[in-house]
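Reader: I am new to this. Please take me through the nonpolar core of this chain, and then show me how the rest fits around that part.

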Amino acid sequence: FSGLDGDAAEQYLLLWRLIMNASVTVDVRPNNLTTNQGQVHHVFSSAGANAVVTTVTTVRIADCDASTITGALYIYAKTGYERHFDGFDIESRNTGGAHIQRTRTTRWTDTATNITALNVTCSGTNINVGSYMSLYKVAK
């Protein structure tokens, strides 16, 4: 997503539905940067892996096996503050029938760089037809 102005918009909402045929991670990179970011996410699973806390150093929106994953990410984008990327996703696995819910919070400590793009990266080529991502500017 390009042509953004985080200072003017201040807030964005990213929604997605991803259909995966293998294990992948999907990250969102403000201005394609990966520095000064830290995320904590909590996992609640129908398969018994409840309240698992994981820390990563990117704005991760998916880390899943072959599955369908839907989610939302609220982005506070205005400079002068630590930027927050807060959201959730729900994964329905293709095999075994497990349903997994994750809540995620990421802070980007770079307070000076205006967000002009959100680059989405995937660790593989396993995103299938029928997947989508939409970015909305939140009205003030």
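Author: Start with one term: a contact means heavy atoms within 4.5 Å. Keep in mind that this is a predicted model. Among contacts between residues at least 6 apart in sequence, 73% join residues at least 24 apart.

Now the core. The largest nonpolar core holds 23 residues. Four of these touch the most other members: Leu73, Ile75, Phe85 and Leu118. Which elements give two or more residues to this core? They are β1 (11-19), β2 (24-30), β5 (59-64) and β6 (67-76).

Look closely at Ile75. Leave aside residues up to four places away in sequence. Ile75 then touches Glu10, Gln11 and Tyr12. Ile75 also touches His84 and Phe85. Leu118 and Leu135 complete the list for Ile75. Two of these partners, Phe85 and Leu118, are also among the core residues that touch the most other members.

Step back to the whole chain. It has 1 helix and 10 strands. The helix comes at the start of the pattern, and the strands follow: α-β-β-β-β-β-β-β-β-β-β. The radius of gyration is 15 Å, close to the 14 Å that the globule rule gives for 140 residues, so the chain is as compact as a globular protein of that length. Along its principal axes, the C-alpha trace spans about 45 × 30 × 25 Å.

How much of the chain is buried? Of its 140 residues, 39% count as buried. The chain exposes about 6,800 Å², and carbon and sulfur atoms supply 53% of that area. Last, the charges. There are 11 positive and 11 negative ones, and their mean positions are 2 Å apart.

Key:
Residues are numbered from 1 along each chain as its sequence is written. This is a predicted model: local features need pLDDT of at least 70, side-chain atom pairs count only at pLDDT 80 or more; totals for chains, interfaces and linings use all residues. Side-chain values use heavy atoms; hydrogens and water are left out. A nonpolar core is a set of buried Ala, Val, Leu, Ile, Met, Phe, Trp, Tyr and Cys residues joined through side-chain atoms within 4.5 Å. Buried means under 20% relative accessible area, exposed over 50%, partly exposed in between (1.4 Å probe, protein chains only). Helices (H or I, at least four residues) and strands (E, at least two) are DSSP runs, numbered from the N terminus. The radius of gyration is taken over C-alpha atoms; the globule rule is 2.2 Å times the number of residues to the power 0.38. Accessible areas come from the Shrake-Rupley method with a 1.4 Å probe; for residues, only the protein chains shown count as cover. Lys and Arg count as positive and Asp and Glu as negative; His and the chain ends are not counted. The place of a charge is taken as NZ of Lys, CZ of Arg, CG of Asp or CD of Glu.
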